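User: Please take a close look at the largest pocket in this structure. I would like to know what lines it, and then how the rest of the chain is built.

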Amino acid sequence: MPRARATKGIKGERKPFHIFFLVAALEAIVGAASWLPLDFNLEFASRASAAEWHQNVFLFGMVPAILAGFLLTALPRWTGRPAVTRPTVNLLAGLWLFGRAASWISPTKGLVAAAAFILSLTLITAACVTAGRDRRNITIVLLLSCFSASAVLTAGAWCSDFAVRTAVACIVGLMAIIGGRVVPALTDAYVLSIGGQPLITRSRWLETIASAATAGALMTWVTAPQAEITGFLCAVAALAHFLRLAQWHGWQVRRNASIAV
């Protein structure tokens, strides 16, 4: 479970989630609205198909902004390293906004800028994890590296289907890590802070099985999406995560909710 460490803010610090969560929300709204002309085949929106625009706006636009807001805020607390400075956050935000503006002119140029943004985020994350000797989060760096590679492949129109599947698999993998390790830690901390009793029980063997099943399912889906073994591994991963979620004992949440009130 990640442990929050006290870190000293430095002059000029800016909380990354303030800007990146905001622009991610705006991108989701604008992206959904701009999708409508594609459905009606209007001329000014015919530069890309609906599928291409969807992956451009959400997979390589909104999602990287959410990742930046979360990781750049959380990693300094996990690793004990200094927070990201305001100029760095501003430069990343500017690169992201440039990419989104470029995508309206040319989806390819937008994807190139998105690849540069994701690669920058990966390098910052890797530097933070390496400097803090935080071995627990090396998996996050590896997934971000694969996500960066998928963005580059997509921008270059190389192995497009494979690249998009890789990007989706990386995001699902990150969600499994954050949802299975980070969120429970934060939940336990909050419950203890209000005087409640921890509800989450952790089974090491179940965590190992869920991680292995998820990795196997995602890798086989990327390489052989139509294979029978892929469906089997996906079913095993789904069952493992169901059992993992049951460790939360959500049916007992009312007990701690009464304490919070």
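Analyst: The pocket comes first, followed by the chain, one helix residue and the cysteines.

This is a predicted model, in which local features need pLDDT of at least 70 and side-chain atom pairs count only at pLDDT 80 or more, while totals for chains, interfaces and linings use all residues. Residues are numbered from 1 along each chain as its sequence is written, and side-chain values use heavy atoms, with hydrogens and water left out.

The largest pocket holds about 880 Å³ of space. A pocket here is an open set of points on a 1 Å grid over the protein atoms alone, where a 1.4 Å probe fits, with protein on both sides within 12 Å along at least five of seven lines; lining residues have an atom within 4 Å of a point. Its volume is the space filled by probe spheres set on the points, which are joined across faces, edges and corners. The lining of the largest pocket has 28 residues, and T139, I177, R181, S211 and R244 lie nearest the centre. By type, the lining divides into 13 nonpolar, nine polar and six charged residues. Nonpolar covers Ala, Val, Leu, Ile, Met, Phe, Trp, Tyr, Cys and Pro; charged covers Asp, Glu, Lys and Arg; the others, Gly among them, are polar.

At least two lining residues come from each of α5 (138–155), α6 (160–193), α7 (204–223) and α8 (228–246). With 11 residues, α7 supplies the largest share of the lining. The protein chain as a whole has nine helices and zero strands; these are DSSP runs numbered from the N terminus, with at least four residues (H or I) for a helix and at least two (E) for a strand.

Of the 261 residues in the protein chain, 43% are buried. Buried means under 20% relative accessible area, exposed over 50%, and partly exposed in between, with a 1.4 Å probe and protein chains only.

Outside the pocket description, L111 is found in helix α4 (residues 107–131). L111 is buried, at a relative accessible area of 9%. Leaving aside residues up to four places away in sequence, L111 touches N56, F60, T154 and A155, where contact means heavy atoms within 4.5 Å.

As for the cysteines, a search of the whole structure finds zero disulfides, a disulfide being a pair of cysteine sulfur atoms within 2.5 Å. C146 is in no disulfide, and the nearest cysteine sulfur, that of C170, is 4.7 Å away. C146 is partly exposed, with a relative accessible area of 39%, whereas C170 is buried at 4%.
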